[in-house]
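Please open the model in your viewer and keep the sequence beside it, since this tour moves from one selection to the next. At each stop, make the selection and look around before reading on.

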Amino acid sequence: MARKQFDIEIPDLTGKRAVVTGASDGMGLGIARRLAAAGAEVVMPVRNPAKGAAAVSAIQRAVPGAQVSLRTLDLSSLRSVASLVEALLDEGTPIHILINNAGVMTPPERQTTADGFELQFGTNHLGHFALVTGLLPVLKAGRARVTSQISIAANSNAINWDDLNWERSYSGQRAYSQSKIAFGMFGLELARRSAAGGWGITSNLSHPGIAPTNLLAARPEIARSSDTMGVRIIRFLSARGIVVGTVESAQLPALLAATAPEPGVFFGPSGMGGLGGPPAAQELYSRLRSVEEARRVWEKSEELVAQARDHSGEVRGK
């Protein structure tokens with residue numbers, strides 16, 4: 001079956017600084033490449049320096065003259081997040097686009113971050129929460145567009161408030177949903193706080209649908225020794241243009257959310273079930289609509305990050 005081709009137009013981003021997490025491969029690499037091709041200076045915070053260097057080389061081959069550079073970031077370590085925040089604040093360059101794209105999905109067994117949080121909640125949500133709130137001075141200076149990548153998993157399950165770290169019982173899928181619900185609520189609460197405080201930051205959400213990315217592939221760092229059956233099925237369907245998207249199409253909702261003239265609220269694929277198809281504005285998932293719950297997520301996240309930093313002996317603030 002031939003796959004219908006589609007794309008979006010990205011405006012000229014010359015003079016803009018863009019930061020993209022999770023840009024060393026897959027969707028994130030494609031997002032970074034497109035932003036660089038539009039003229040942005042792209043900063044790629046990565047956990048693996050070798051993969052990061054290869055990604056930079058790939059972008060520079062595809063986009064001669066691209067302005068792209070690496071920084072070190074492990075979102076599962078609040079100390080690493082704080083080091084990146086300090087470095088970017090010291091540089092003092094306003095950030096105009098921030099795409100929170102990095103993530104981890106469904107480790108086969110419960111794992112924890114360097115700070116003791118369940119790995120998905122700590123990486124997908126708390127790591128990005130600490131990054132964004134730490135970078136507020138340069139985000140405000142750039143009147144930034146902040147786009148946070150969630151998932152269709154945020155449309156099911158709930159936040160496990162009685163056991164946020166899944167210590168009593170662990171379900172990889174439910175913990176993943178929790179991390180993406182919390183992250184989505186954070187992105188919406190950031191928009192509300194910016195509007196109320198006159199920060200000049202716009203914040204929206206995107207989701208990539210379903211595509212054969214590395215999230216469900218073999219990942220030794222989370223004790224997944226082989227590709228899951230899920231990713232094998234997704235690859236089969238994607239290669240034949242059936243229902244789901246491709247790595248290339250999956251990057252488009254975040255690019256649209258980050259660069260469209262009107263920031264909107266939530267973008268994703270417009271095909272059946274939001275699994276694939278051209279990117280478009282989406283109806284907000286029911287689990288993300290509570291303003292009170294989003295405020296609770298923000299306040300609890302502040303508390304958890306502060307406690308972790310105090311426990312590690314790190315000096316808070318700058």
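The tour visits an enclosed space and then the nonpolar cores.

Before you begin, bear in mind that this is a predicted model.

Start with the cavity. The structure holds one cavity of 30 Å³ or more, and about 40 Å³ of space lies in the largest cavity. To see its walls, select Phe121, His125, Ile159, Trp161, Leu164, Ala182, Val297, Lys300 and Ser301, which line this largest cavity. Now colour helix H4 (119–134) and helix H10 (291–312), the elements that each give two or more residues to that lining; H10 gives the most, with three residues. If you then colour the lining by class, you should find six nonpolar, two polar and one charged residues.

Next, turn to the largest nonpolar core, which has 49 residues, and select Ile95, Leu135, Leu139, Ile150, Leu190 and Leu288, the residues with the most contacts inside it. Helix H3 (78–91), H4, helix H5 (136–141), helix H6 (172–197) and H10 are the elements that give two or more residues to this core, and H6 gives the most, with seven residues. In soluble globular proteins, nonpolar side chains tend to be buried together.

Which residues does Leu190 touch, not counting those up to four places away in sequence? Centre the view on Leu190 and select Val132, Leu136, Val146, Trp199, Ser203 and Trp298, for these are the residues in contact with Leu190.

For the last stop, select Val20, Ala36, Leu252 and Ala257, which are among the 32 residues of another core, lying apart from the largest one.

Definitions and conventions
Residues are numbered from 1 along each chain as its sequence is written. This is a predicted model: local features need pLDDT of at least 70, side-chain atom pairs count only at pLDDT 80 or more; totals for chains, interfaces and linings use all residues. Side-chain values use heavy atoms; hydrogens and water are left out. On a 1 Å grid over the protein atoms alone, a cavity is a set of points where a 1.4 Å probe fits but cannot get out, and a pocket is an open set with protein on both sides within 12 Å along at least five of seven lines; lining residues have an atom within 4 Å of a point. Grid points are joined across faces, edges and corners, and a volume is the space filled by probe spheres set on the points. Helices (H or I, at least four residues) and strands (E, at least two) are DSSP runs, numbered from the N terminus. Ala, Val, Leu, Ile, Met, Phe, Trp, Tyr, Cys and Pro count as nonpolar, Asp, Glu, Lys and Arg as charged, and the others, Gly among them, as polar. A nonpolar core is a set of buried Ala, Val, Leu, Ile, Met, Phe, Trp, Tyr and Cys residues joined through side-chain atoms within 4.5 Å. Buried means under 20% relative accessible area, exposed over 50%, partly exposed in between (1.4 Å probe, protein chains only). Contact means heavy atoms within 4.5 Å.
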